[in-house]
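Colleague: I'd like to go through this model with you and ask how you arrived at the labels. Can you put it up?

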Amino acid sequence: MSSIELNKILNPEQLLGVTTTEGPVLILAGAGSGKTRVLTHRVAYLMEQGVAPYNIMAITFTNKAAGEMRERVNNLAGHGAEQVWVATFHSTCVRILRQFADRIGYDTNFSIYDADDSKTLMKEVCKHLNIDTKKYKEKRILGVISSAKDEMINEEEFAVRNQSDFMMTTYISAYREYQARLRSNNAFDFDDLILKTVELLKQDPEVLNYYQNRFKYIMVDEYQDTNTVQFELVRLLASSHENLCVVGDDDQSIYKFRGANIYNILNFEQHFPNATVIKLEQNYRSTKKILFGANAVIKNNEGRKEKALWTENDEGEKIRFRQFDSAYEEAEFIAMDVRSQKRRGNFDFKECAVLYRTNAQSRILEEKFINENIPYRIVGGVNFYARKEIKDILAYLKTIDNGDDDIAVQRIINVPKRGIGATSLGKVSTYARENEMSFYAALLEASEISTLGKASGKIAPFVEFIEKIKIKLPEYTVPEVIREVLDGTGYIEELQAEGTDEALVRVENIEELINKAILYQEENESPTLSGFLEEVALIADIDRLDENEDYVVLMTLHSAKGLEFENVYMAGMEDGLFPSIMTISGDDDAELEEERRLCYVGITRAKKLLTMTAAKTRMVRGEWQYGAISRFVKELPSEIVDGNTWEGKSRDFAATSFNEPKKSFAEKKKEATKPTVASSYAAKLKEIKAVSAGTKIEKNALPYGVGDRVQHQKFGEGTVKNIADGGRDFEVTVEFDRVGVKKMFASFAKLQKC
DNA sequence: GTTAGAAACAATCCT
DNA sequence: TGTTTCTAAC
């Protein structure tokens with residue numbers, strides 16, 4: 001692709017961003033200005049200029065962004081593009097550490113601890129150090145440690161800096177002990193992945209040299225979100241060639257709370273005095289009215305680089321605003337409006353997104369979406385991989401993979417119940433500490449531990465079970481290891497015996513984990529257990545979104561960054577909720593400005609239609625809360641807003657055009673179906689065997705038939721009247737005891753035989 | 001050692 | 001309101 005051709009598909013600023021390959025470049029890319037397009041074309045352009053793909057690196061924050069970039073680069077650049085290093089910060093560091101962690105005293109098959117594991121470890125630390133957790137909450141201590149790590153302060157440095165402050169002594173010792181235990185468990189927490197990589201590069205010139213030579217051209221996406229230690233990582237890698245291109249938007253900096261340092265972008269030109277600065281100000285995403293609203297809101301912020309986004313797009317519809325008496329009605333309106341938009345052919349479900357400030361708001365929305373039988377997907381809240389059943393299975397895998405990981409071993413030694421309680425565990429722990437060995441190593445010698453008595457007999461079968469799998473590990477695929485664990489523990493059977501809705505959802509989640517493992521096994525050239533564990537450890541909920549399926553997405557405003565939707569709802573636009581109470585009550589303007597940037601991010605997600613809603617009352621933590629209309633709503637110019645109740649009498653939304661006409665129930669149900677393949681545990685096991693045998697996966701059968709009694713999450717029990725094959729899915733007719741006859745697609749209804 | 005039920009407590013947003 | 005931790009009884 002020559003620059004003449006590029007000329008046609010890129011505007012002059014974008015073109016400059018693509019072709020300015022040498023030296024530091026800062027691209028200030030406004031929302032919807034085509035930054036991904038610039039980055040991907042830049043990679044292709046570099047390759048065309050003769051740069052080896054092997055020497056190009058692109059770093060993002062989420063796997064989703066990395067995946068998209070990878071796909072687009074592959075399409076654009078073709079052969080050799082797969083050698084370009086496209087990865088998130090965290091997976092980049094994991095890859096480096098898997099290679100060289102032994103140089104900083106870890107084993108290369110280390111575990112990665114998520115927030116949950118870290119908390120468990122911190123509890124042990126507090127207990128060991130006799131820290132009063134009423135006074136110093138584990139979470140608080142972890143927060144202090146995490147912030148320190150973001151600022152590149154390790155435990156020694158932390159001690160030095162705070163030695164004169166006796167209020168900090170507890171934190172100092174907790175940090176020390178926590179790190180010591182991570183080390184002996186051969187584990188890194190999330191922050192460590194980056195901090196330890198930076199330490200490795202700093203203390204080992206050979207390794208630094210190796211990567212500096214490899215990464216001759218570096219690109220960083222969402223640069224406004226980088227924290228101090230991430231900046232240092234990038235700086236180290238780029239310091240020999242200085243071909244560093246960063247792309248970001250200071251107006252979309254919304255991660256101060258996790259250490260993002262906005263000065264990384266604001267002071268880029270000071271860090272790199274010879275930097276080229278390029279501004280992308282033409283927006284290709286939103287209508288004029290939406291963009292006008294976004295600009296009007298963000299201009300109330302002071303600490304920002306001046307820019308003026310503009311667009312050639314249509315004028316568009318006004319931004320709708322509606323206030324309701326309760327959050328209940330608000331949610332109902334959104335669900336009905338989505339339904340109505342779909343019915344009128346305006347938007348598919350997948351073109352709609354509901355954004356909110358706090359995860360707690362999702363529950364009531366979810367309820368209404370289920371009632372309306374609208375397919376939806378909630379992003380965030382409890383991360384899929386943080387669910388109990390998933391973590392249990394993963395803990396087994398970690399135990400098999402890294403026996404030094406005490407947290408994993410202790411998590412599952414008594415799951416399912418083996419009659420090994422806290423007292424026995426304490427004895428094993430003591431023995432392990434006295435003999436300076438890992439917990440698992442101590443378990444192997446359980447019969448030698450005199451204090452244990454007959455409890456050692458209960459430990460033996462567990463250890464034998466793990467050892468048996470370990471021996472066979474080389475011949476197993478990852479899904480097979482999971483199957484061994486499930487078979488050997490009876491985990492699924494136990495859940496099925498329980499029979500509650502919740503237990504059955506857990507079974508489904510395990511099925512999804514198996515699916516993930518199958519996919520991993522198929523798509524990787526050299527699949528390993530460590531590799532799989534690493535992949536799932538770094539997966540964020542947002543990464544699981546699939547654009548091919550037709551569902552409405554519900555998520556926080558934070559999760560929405562980087563995404564775009566035709567039709568966007570911003571729910572809960574109330575002072576006290578958004579902006580949140582702590583930013584209003586505190587007198588820190590910077591915090592309010594960050595909330596405003598968040599609002600800006602929300603508005604600019606919308607392409608065609610934007611609707612803001614508020615509730616006068618909502619239930620928060622068990623008590624009713626009254627909220628005035630958000631100040632951000634009032635910052636919108638009234639001429640582009642439809643339904644601005646704050647300026648006069650409230651308007652009845654029922655009288656406006658999006659009130660939907662009556663429709664039959666059957667039609668409604670039909671619209672809310674989700675075309676995926678039904679699944680069952682038995683079918684999943686069949687898949688595992690199929691994959692292991694190298695054969696094709698077949699379409700699954702349903703675990704119930706006509707005449708069977710089934711259970712639905714919302715509608716309760718009923719009898720199956722009919723099952724029709726609808727191509728990719730089955731359409732099931734059920735007569736429910738409480739709510740009558742309903743037709744639904746099997747994969748969406750998630751019916752369980754009872 | 002396990003379990004159920006009571007009491008305490010919770011403060012956004014996330015890799 | 002929803003979740004986690006504590007307590008008491010099996």
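Modeller: Here you go, and keep in mind that this is a predicted model. A phosphate oxygen of DNA strand B is 3.1 Å from an N or O atom in the side chain of Ser559.

Colleague: What makes that Ser559 pair a polar contact?

Modeller: The cut-off is 3.5 Å between N or O atoms. The Ser559 pair sits at 3.1 Å, so it counts as a polar contact. Two helices, H20 (422-434) and H27 (557-560), are the elements that give two or more residues to the surface near DNA strand B.

Colleague: Which other residues reach a phosphate oxygen of DNA strand B?

Modeller: Ser424 has a side-chain N or O atom 2.9 Å from one. With Asn359 the atom comes from the backbone, and the distance is 2.6 Å. Both values fall within 3.5 Å, so these are polar contacts as well.

Colleague: How many residues surround DNA strand B, and which are the closest?

Modeller: There are 24, with Arg357, Asn359, Lys417, Thr423 and Arg621 the closest. On the DNA side, sugar and phosphate make up 53% of the strand B atoms that come within 4 Å of the protein. By class, that protein surface has six nonpolar, twelve polar and six charged residues.

Colleague: And what surrounds DNA strand C?

Modeller: Lys123, Arg363, Arg621 and Gly622 do. Here sugar and phosphate account for 36% of the strand C atoms within 4 Å of the protein.

Colleague: Why does the surface near DNA strand C count one polar residue and three charged ones?

Modeller: Lys and Arg are classed as charged and Gly as polar. The surrounding residues are Lys123, Arg363, Arg621 and Gly622, so the split is no nonpolar, one polar and three charged.

Colleague: How do you know that Lys123, Arg363 and Gly622 make polar contacts with DNA strand C?

Modeller: Same test. A polar side-chain atom of Lys123 is 3.3 Å from a phosphate oxygen, and for the side chain of Arg363 the distance to a phosphate oxygen is 3.4 Å. Gly622 uses a polar backbone atom, 3.4 Å from a sugar or linking oxygen. The limit is 3.5 Å, so these three pass.

Colleague: On to the cysteines. Why is Cys245 not in a disulfide?

Modeller: The sulfurs would have to be within 2.5 Å. The closest cysteine sulfur to that of Cys245 is in Cys93, 20 Å away, which is too far for a bond. Cys352 is in no disulfide either, with the nearest cysteine sulfur, that of Cys599, 20 Å away. The structure as a whole holds zero disulfides.

Colleague: Are Cys245 and Cys352 buried or exposed?

Modeller: Buried means under 20% relative accessible area. Cys245 comes out at 0% and Cys352 also at 0%, so both are buried.

Colleague: Why is Leu142 called buried, given a relative accessible area of 14%?

Modeller: The line is drawn at 20%, and 14% is under that, so Leu142 counts as buried. Leu142 lies in helix H7 (residues 138-150). Beyond its neighbours within four places in sequence, it is in contact with Ser118, Lys119, Met122 and Tyr178.

Colleague: How much of chain A counts as buried?

Modeller: Of its 754 residues, 56%. Chain A has 33 helices and 23 strands, and its accessible surface comes to about 33100 Å², with 48% belonging to carbon and sulfur atoms.

Technical notes. Residues numbered from 1 in each chain as written. Chains lettered and ligands numbered in written order. Predicted model: local features only at pLDDT ≥ 70, side-chain atom pairs only at ≥ 80, totals over all residues. Heavy atoms only, no water. Near = heavy atom within 4 Å. Polar contact = N/O pair within 3.5 Å; in protein donor to acceptor, adjacent residues only side chain to side chain. Helix = DSSP H or I, 4+ residues; strand = E, 2+ residues; numbered from the N terminus. Buried < 20%, exposed > 50% of the residue type's maximum accessible area, 1.4 Å probe, protein only. Areas by Shrake-Rupley, 256 points an atom, 1.4 Å probe, with all protein chains shown as cover. Contact = heavy atoms within 4.5 Å.
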